[in-house]
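Trainee: Got a minute? I want to walk through this model with you.
Mentor: Sure, put it on the screen.

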Amino acid sequence: MVGVTVETAQTADYALRVLLELEAHDGQTMSELADKIDVGRSVVHRIIATLRVHAAVTRDPRGRYWLGPMLVLLARGLQHELATVGDGALAELAELCQETAIISVPEGDQSVVVACALGHTGALRVEHEVGFRQPLSRGASSLAILAYQRHPAISRLLQPEDLGVLEEIRAQGYAQTTGQIRSHMVALAAPILDEDGWAIGSVALIAPETRAELLESSKASLLSTARVIADGYAQRKNAQPEGRSSK
Amino acid sequence: MTEISKTANKALALLTELAASGPSTPQEIARRLDINRTVTQRLLMTLYARDFVRREGGSYTISPRMRRMADAVLPQLRPLVGRLDAELAEATGETVVFKVVDGDTVIVLDEAVPSAVFDVRARHEVGTRSDITQSASGLAILSAMDDDELKRTLRGTGEDLGVVGERIAEARRAGYAVTSGELQEGVTGIAAPVSGPDGVVGSVAVLIPTMRANNLTELHRLLMNTVTQMEYELRQPSLTGGADQLLSASSSGAA
């Protein structure tokens, strides 16, 4: 591609780079962004004006720019990335253990189910669904995430005497609860960790109380599924650090 | 607003189109946006190279990676606003919106609609923009700004400062703003500003069909409870990393 062709696509690319810069560090000023993208102020001015028309960025009263609501709308119909990466492994786990398996991710003080696979075909099984929310302080799938949070702020979600629970989870590498979200249900959950060892989500197996012992025997499979998903996610993230070549 | 970039504008329009229509071929996109195919191809390649879109077969879709960028939109504010807006919508039985500032306009960041079905509802969808002086939400935000911020925000609006100033002062005294039928006919809005450690971050509003807007006292009480809770949570360090960014970005020298 030469001449005009390159030049025209480039303006669009500047807009994308402004968004990526703000994703890495939100709330920058126009001159900070001009430096990062390495273009003149007038170009950045025009790019930001364009992004603002679409509500892709907003300008606060202090003159800083932030990612805007348009991006939320773009992602509305999208699966969570952990679901995309983990769907296959989750289905295998559910099949192997013959129980319901879910992937959850943290969102504020809650965890949200982003993928669900039903393994048991019999009459008695746990029905769960994508989008289900629960406090980050309750249930195995939440606690497995909470035990591996970078921020010490977790203490405000738990009573001081309950903090020991998190230590126990870290010591054994998984969380186990009975009836915390629904009575007569047991759950076993393992954290999905990033490269630094912080939880980006969790995988959990949930079963009726009557099959609690069978669930015990699924620990190893659960832990290895969590690792497979973590690896898949890391690979995907590292695959495109700075754009990629178009094939 | 100032001049915009036509190419960047088309790229963003393409993303919005693709999100709305689902997987599409370049031909379909070109036709829907009424731009020629060469330009469409070039835009798609640009978006593809930055992983904003993916290609499957001959079709393009929004990349799953955009989920991560969406999660980075006001990461501390959005989850708590979503949860507390929904609670307020259930408690009041009315639509609740949270708006953020963009220059001299406000944009809907979150909308919560009560679960009760079949009723007259005021709706105000995410991404909708209006002038900051035109709604209860905007006036509430203006009432929480300091004089510098206020001056800078209103500079370009050509508003009669006397008139707006009076309304802002009124909202400041009351702690909330009420408007009726200014932005949407037949809709009454009652809004209060929400401030974080570095100043106002937006406002939360209850939108009521004016025909049943007769118990504002109770709505006002519920609204202020929500604001108190939001401001309390905004002052807590975030669990999932957002606060660091929000705080360091704002405190590293406001211009």
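Trainee: Start small. In β4(A), which residue is the bridge partner of I102(A)?
Mentor: C116(A) is the bridge partner of I102(A) in β4(A). Keep in mind that this is a predicted model: local features need pLDDT of at least 70, side-chain atom pairs count only at pLDDT 80 or more, and totals for chains, interfaces and linings use all residues. Residues are numbered from 1 along each chain as its sequence is written, and chains are lettered from A and ligands numbered from 1 in the order in which they are written.

Trainee: How do the two strands pair, and over how many bridges?
Mentor: β3 (residues 100–107) and β4 (residues 110–117) of chain A are antiparallel, with seven bridges. Strands here are DSSP runs of E, at least two residues; helices are runs of H or I, at least four; both are numbered from the N terminus. Two strands pair if DSSP finds at least two bridges between them.

Trainee: And the sheet they sit in? What's the strand order?
Mentor: β5-β4-β3-β8-β7-β6 in chain A. That is an open sheet of six strands with antiparallel pairing. β5 (133–135) and β6 (175–178) of chain A are the edges; each has a single partner strand, so one side of each has no neighbour in the sheet.

Trainee: What about β8 of chain A, how many of its residues are buried?
Mentor: Nine of the ten residues in β8 (residues 199–208) of chain A are buried, so the strand is largely enclosed by the rest of the structure. Buried means 20 or more other C-beta atoms within 10 Å of the residue's own; exposed means 12 or fewer, partly exposed is in between, and C-beta atoms are placed from the backbone.

Trainee: Which strands does β8(A) pair with?
Mentor: β3(A) joins β8(A) through five bridges, antiparallel. β7 (residues 185–193) of chain A pairs with β8(A) over nine bridges, also antiparallel. Look at L205(A) in β8(A): it is the bridge partner of A101(A), and L188(A) has L205(A) as its bridge partner too.

Trainee: Anything in the turn between β7(A) and β8(A)?
Mentor: That hairpin has five residues between the strands, and G197(A) there takes a positive phi near 90°.

Trainee: Zoom out. How many helices and strands in each chain?
Mentor: Chain A has nine helices and eight strands. Chain B has ten helices and eight strands.

Trainee: How many residues of each chain are in contact with the other?
Mentor: 64 residues of chain A contact 60 residues of chain B. Contact means C-beta atoms, placed from the backbone, within 7 Å.

Trainee: Which element gives the largest share on the chain A side?
Mentor: α1(A), with twelve residues. By class, that side has 27 nonpolar, 22 polar and 15 charged residues. Ala, Val, Leu, Ile, Met, Phe, Trp, Tyr, Cys and Pro count as nonpolar, Asp, Glu, Lys and Arg as charged, and the others, Gly among them, as polar.

Trainee: New topic. How many residues are in the largest nonpolar core?
Mentor: The largest has 95 residues. A nonpolar core is a set of buried Ala, Val, Leu, Ile, Met, Phe, Trp, Tyr and Cys residues joined through C-beta atoms within 7 Å. A15(A), L71(A) and V204(B) have the most contacts inside this core. α1(A) gives the most to it, eight residues.

Trainee: What does L71(A) contact?
Mentor: Leaving aside neighbours within four places in sequence, L71(A) contacts A56(A), M69(B), A70(B) and V73(B). Another core, of 51 residues, lies apart from the largest one; L82(A) and V105(A) are among its members.

Note on methods
Contact = placed C-beta atoms within 7 Å.
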